[in-house]
Amino acid sequence: MSTTIAPMLPAGGNYTPDLLSPEPGSKPTAIGGSRRKHAVIAILSALTALILFTGLAFHGYVAWIIAHPYVAPLTSNPMDAKGLAYSDVSFPSNSGQTTVHGWFIPAAPAAAKGSEVQALSAAAAPLDSKRTVIFSHGYGANREETWVPMYELAGLLHRLDYNVLMFDYGYASSEDRSPATGGHEESQQLLAAVNYVREQGAEQVIVWGFSMGAGTALQTALQTDEIDAMILDSLFLPSPESLYSNVRQHLDLPRYPSLPLIEWMLPFWTGTKFNQIPAEQVMEKAFTIPLFVIHGTNDAKAPLVTAEHIASNQRQPLSREWVVQGGKHELLFQTRPKEYIQRAALFLSQVDAAFKQAHAS
């Protein structure tokens, strides 16, 4: 049996070829135009998505760089730089999340020289001096900060019979690197440093901070009564505005959407939001300890107005402010070396005298 398959025809049985295929030279159908329109929309959507992704990736990279600044490795040590005996020290941050590494320079024996004292244990013998200065270095630097210059100040303090602790914040550490958090975790590292020198026998503790290290010192002073005085050089207090101002010095980015994007992305790298940094509290706080605020008029990284505002709030009789005309960020010692040393030494001597008077038996 044979089977014949008939084509399906329109209802009514009449088949008209012209209804199924256009005549030669006729205009494209609506279906062809719709397909081209969808293709154009798809291409534009893909380009838009690519642009948005590229923008997000770029701002994410900027946020990552801020959280992980390049810090040059250590180039020397207290013995090689200034002939100062020292010991390598390490201790956990108060948060328990990071480890702090540094150098402890005992004030005595002041005459000790030679390579054999480089390995001197800070806890091997009681300290002759009960006064210790902790250096709190700035962002993007390590404990050396040669442009300050930190070794010169360590030598000065050694001659003035102070022990000195120089240490690296986590973002500068070569042993245990951690992201920069604007002072949130760094204040816990500084708190651990204060506790460490107290355990070594320090009865008087001074924190000498530079740039963001000075801002971190103020954040730390909100959390402890174990700091007796602070010297704050080129004070930098992290905030969205200060962040944007410093980014603009390297990249010409618009405030919007760059600032909100970077601010939103930073916590992914640091674990810290700006609202966790007590900037407003620091700005309005009248600290009970003496503060010596030093700032330059030509500071392009940390606004002079911030330092002046904080200094104006202080009511402690020994607190003072020195505005260095023409001074640049963290270059104040180099601008006025003799006057810088004289003013710092005078402040320390007055703090020491007041401390002795308050603790006289």
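**Salt bridges, helix packing and aromatic pairs in the predicted model**

In this predicted model, Arg-336 has a relative accessible area of 30% and is therefore partly exposed, since that class lies between the limits of 20% and 50%. The side chain of Arg-336 meets that of Glu-339 in a salt bridge, with a distance of 3.2 Å from N to O. Glu-339 is likewise assigned to the partly exposed class, its relative accessible area being 25%. A salt bridge also connects Glu-339 with Arg-343, and here the closest N and O atoms are 2.9 Å apart. Both Glu-339 and Arg-343 belong to helix α11 (residues 337-358), where a separation of four residues corresponds to about one turn of the helix. An α-helix has 3.6 residues a turn, so residues three or four places apart point the same way. For Arg-343 the relative accessibility is 32%, and this residue too counts as partly exposed. Elsewhere, Arg-131, Asp-352 and Lys-356 are joined into one network by salt bridges that share partners.

In the whole structure, ten salt bridges were found. One of them is formed by Glu-226 and Arg-198, whose closest N and O atoms lie 3.0 Å apart. This pair links distant parts of the chain, 28 residues apart: Glu-226 is located in the loop between α5 (212-221) and β6 (229-233), while Arg-198 is part of helix α4 (residues 184-199). Both partners are partly exposed, Glu-226 at 34% relative accessibility and Arg-198 at 21%.

Helix α4, which holds Arg-198, also packs against α5, and two packed helices are described by the angle between their axes and the distance between the axes. For α4 and α5 the angle is about 70° and the axes are 9 Å apart. The two helices are therefore roughly perpendicular to each other, a class that covers angles from 65 to 115 degrees. On the side of α4, the contact involves His-184, Glu-186, Ser-187, Leu-190 and Leu-191; on the side of α5, it involves Thr-216, Ala-217, Gln-219 and Thr-220. By character, three residues of this contact are nonpolar, five are polar and one is charged. As for the surroundings of α5, ten of its ten residues are buried, so this helix is largely enclosed by the rest of the structure. Among these buried residues are Met-212, Gly-213, Leu-218 and Ala-221.

Aromatic side chains provide a further set of contacts, with a count of 15 aromatic pairs. A pair of aromatic rings is described by the distance of the centres and the angle of the planes. Phe-104 and Tyr-196 form an edge-to-face pair, with 6.3 Å from centre to centre and 75° between the planes. Because Phe-104 lies in strand β2 (residues 99-105) and Tyr-196 in helix α4, the pair ties together parts that are 92 residues apart in sequence. Both rings belong to buried residues: the relative accessible area of Phe-104 is 0%, and Tyr-196 has a relative accessibility of 12%.

A stacked arrangement is found for Trp-208 and Phe-210, whose planes differ by 10° and whose centres are 6.3 Å apart. Trp-208 and Phe-210 are both buried. These two residues also take part in a cluster linked by ring pairs, together with Phe-135, Trp-322, Phe-333 and Tyr-340.

Terms used: Residues are numbered from 1 along each chain as its sequence is written. This is a predicted model: local features need pLDDT of at least 70, side-chain atom pairs count only at pLDDT 80 or more; totals for chains, interfaces and linings use all residues. Side-chain values use heavy atoms; hydrogens and water are left out. A salt bridge is a side-chain nitrogen of Lys or Arg within 4 Å of a carboxyl oxygen of Asp or Glu. Buried means under 20% relative accessible area, exposed over 50%, partly exposed in between (1.4 Å probe, protein chains only). Axes are lines fitted to C-alpha atoms, for helices over the stretch in contact, and angles run from 0 to 180 degrees between N-to-C directions. Angles under 35 degrees count as roughly parallel, over 145 as roughly antiparallel, 65 to 115 as roughly perpendicular and the rest as oblique. Contact means heavy atoms within 4.5 Å. Ala, Val, Leu, Ile, Met, Phe, Trp, Tyr, Cys and Pro count as nonpolar, Asp, Glu, Lys and Arg as charged, and the others, Gly among them, as polar. Rings of Phe, Tyr and Trp (its six-membered ring) pair if their centres lie within 6.5 Å; planes under 30 degrees apart count as stacked, over 60 as edge-to-face and the rest as tilted.
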